[in-house]
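Hello,

Here is the structure I said I would pass on. My notes follow it, grouped by topic.

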Amino acid sequence: MAGLNIRSVLVTGSNRGIGLELVKQLVGKSNPPRWVFATCRNPEGTRGQELRELVSKHANLVMVKLDAVNPVSIQEAAKTVEAQLEDSGLNLLINNAGIFSNVTLETVDAEEMLGAYKTNVVGPMLVGQAFLPLLKKAAQTSAQKGLSCSKAAIVNISSVLGSVALVPETFFKPVISYRCSKAVPLTLGTSSLHHRAAISACSHPRGAAHSVLFPGARQLLLWRKEHSHGLLSQAVRPQAALNMLTRSQALSYMKDGILCAALHPGWVQTDMGTREADLTVEESIRGILTVLSALSEKHSGSFLNWAGKTLPW
Ligand SMILES: NC(=O)c1ccc[n+]([C@@H]2O[C@H](COP(=O)([O-])OP(=O)(O)OC[C@H]3O[C@@H](n4cnc5c(N)ncnc54)[C@H](OP(=O)(O)O)[C@@H]3O)[C@@H](O)[C@H]2O)c1
């Protein structure tokens with residue numbers, strides 16, 4: 001873990017669960033960052049108690065209010081962090097805040113779907129936008145070659161439940177709104193299988209039924225059409241889900257020296273993961289920090305798990 005030499009890191013949703021443990025292990029490192037920004041939506045609330053106690057013991061840990069569904073709150077958090085960092089940039093942004101509902105295709109409704117998208121997709125996108133100038137500054141002032149989390153990176157905490165390829169293995173837990181918000185219906189990459197599926201979905205006589213199965217098909221074809229003329233449509237990004245967002249960020253920000261990756265933390269014993277989960281939060285975060293320390297240029301745009309294994313989109 002000594003390989004992760006970051007001066008500054010920000011974690012969203014860090015008052016409990018995975019976010020809180022990330023912050024704990026970061027400040028407990030033998031070479032801790034100069035600044036750890038632990039953001040949460042309600043710093044004064046009862047759920048912030050454990051984080052407040054941690055902050056009182058560590059001078060390098062700063063609690064910042066950030067509600068991932070509130071653009072004003074995100075902008076204010078970015079200003080607070082910028083003021084604290086003075087002339088330096090932010091090395092690592094970890095988009096961890098997320099919500100989960102145990103709904104099936106039978107029970108999910110529009111409000112639930114939109115709520116999950118707002119927190120799990122729009123939130124990370126807005127946070128990424130707001131902190132981009134500070135990430136760029138970190139990349140520009142770094143002497144390091146290539147990409148790394150020690151230089152400048154956005155890490156989106158995703159879920160294996162968002163992997164389209166692994167749906168048959170994971171569908172024992174339908175959790176439709178969560179799964180779709182973390183998922184990428186079709187990647188912008190080179191998956192010819194998905195491309196063929198998209199084409200067949202769009203050209204199939206029962207197109208409407210197929211676009212339910214492949215909701216990103218039309219956007220993908222549009223994107224490909226525009227891209228082939230050199231016009232990368234930024235407009236598709238806000239409609240796409242977290243894994244798609246990560247791939248898009250990786251492509252867009254590579255030129256700025258910013259690494260972007262999606263990480264599945266494993267099934268973890270938190271309020272969200274429940275006590276039935278496989279991993280303790282300590283085990284998951286130890287793994288994640290080891291993975292972060294090893295990420296390089298070749299991992300940008302990848303989807304990895306807590307043990308460093310590449311997952312299919
Ligand atoms: N646990 C697992 O097994 C598992 C597996 C795969 C992926 N993940 C992902 O890992 C991340 C963390 O999960 P967890 O298990 O730690 O969940 P958790 O115990 O339920 O904690 C969720 C965190 O997100 C925060 N949050 C929710 N909505 C927010 C908003 N609008 N603005 C700011 N913060 C918000 C919560 O804050 P409040 O206290 O204010 O609600 C809390 O700090 C999530 O993205 C989740 O999808 C978890």
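**Notes on the structure**

N102 sits in the loop that runs between β4 and α4. This is a predicted model, and that applies to everything below. N102 counts as exposed, because 11 C-beta neighbours fall inside 10 Å and the cut-off for exposed is 12 or fewer. In sequence N102 and S177 are 75 residues apart, while their C-alpha atoms are 8.5 Å apart in space.

**The chain as a whole**

The protein chain has 11 helices and seven strands. It holds 313 residues, of which 45% are buried. If one takes the contacts between residues at least 6 apart in sequence, 69% of them join residues at least 24 apart.

**Around the ligand**

There are 32 residues around the ligand, and those that come nearest are G13, G17, G98, T270 and G273. By type, the shell around the ligand consists of 13 nonpolar, 14 polar and five charged residues. Two helices, α1 (17-27) and α4 (110-141), each supply at least two residues of this shell. With three residues, α1 gives the most to it.

**Helix α4 and its packing**

Helix α4 packs against helix α10, which covers residues 242-253. In general, two packed helices are described by the angle between their axes and the distance between the axes. For α4 and α10 the angle is about 25° and the axes are 9 Å apart. Angles under 35 degrees count as roughly parallel, so α4 and α10 are roughly parallel to each other. On the α4 side the contact is made by N120, V121, P124, M125 and G128, and on the α10 side by L242, L245 and Q249. Five of the contact residues are nonpolar and three are polar, with no charged residue.

**Nonpolar cores**

Which residues touch the most other members of the largest nonpolar core? They are F131, L135 and A153, in a core of 71 residues. Helix α4 gives the most to this core, with 10 residues. Leaving aside neighbours within four places in sequence, A153 is in contact with L92, I258, L259, C260 and L295. Another core lies apart from the largest one; it has five residues, including A116, L161, V175 and Y178.

**Two residues with positive phi**

Most residues other than glycine have a negative phi. E86 has a positive value, near 55°, and is not a glycine. E86 is placed in the loop between α3 (71-85) and β4 (92-95). Is E86 buried or exposed? E86 counts as exposed, because it has 6 C-beta neighbours inside 10 Å.

T274 is also a residue other than glycine with a positive phi, in this case near 70°. The loop that holds T274 runs between β6 (259-264) and α11 (281-294). T274 has 10 other C-beta atoms within 10 Å and is therefore exposed.

**Two partly exposed residues**

V27 belongs to helix α1. It counts as partly exposed because it has 19 C-beta neighbours inside 10 Å, where 20 or more would make a residue buried. Not counting residues up to four places away in sequence, V27 touches P32, V36, H58, N60 and L61. V27 and V55 are 28 residues apart along the chain, and their C-alpha atoms are separated by 9.8 Å.

S302 is found in the loop between α11 and β7 (303-305). S302 has 18 C-beta neighbours inside 10 Å and so counts as partly exposed. Which residues does S302 touch, not counting those up to four places away in sequence? The contacts of S302 are with A261 and T310. S302 and W313 are 11 residues apart along the chain, with 8.7 Å between their C-alpha atoms.

**In brief**

For a way into the model, helix α4 can be followed through several of these notes. Helix α4 supplies at least two residues of the shell around the ligand, packs with α10 at an angle of about 25°, and gives the most to the largest nonpolar core.

Regards

Note on methods. Residues numbered from 1 in each chain as written. Predicted model: local features only at pLDDT ≥ 70, side-chain atom pairs only at ≥ 80, totals over all residues. Helix = DSSP H or I, 4+ residues; strand = E, 2+ residues; numbered from the N terminus. Contact = placed C-beta atoms within 7 Å. Near = placed C-beta within 6 Å. Nonpolar A, V, L, I, M, F, W, Y, C, P; charged D, E, K, R; others polar. Axes fitted to C-alpha atoms, helices over the stretch in contact; angles between N-to-C directions. Parallel < 35°, antiparallel > 145°, perpendicular 65-115°, else oblique. Core = buried A, V, L, I, M, F, W, Y, C linked by C-beta atoms within 7 Å.
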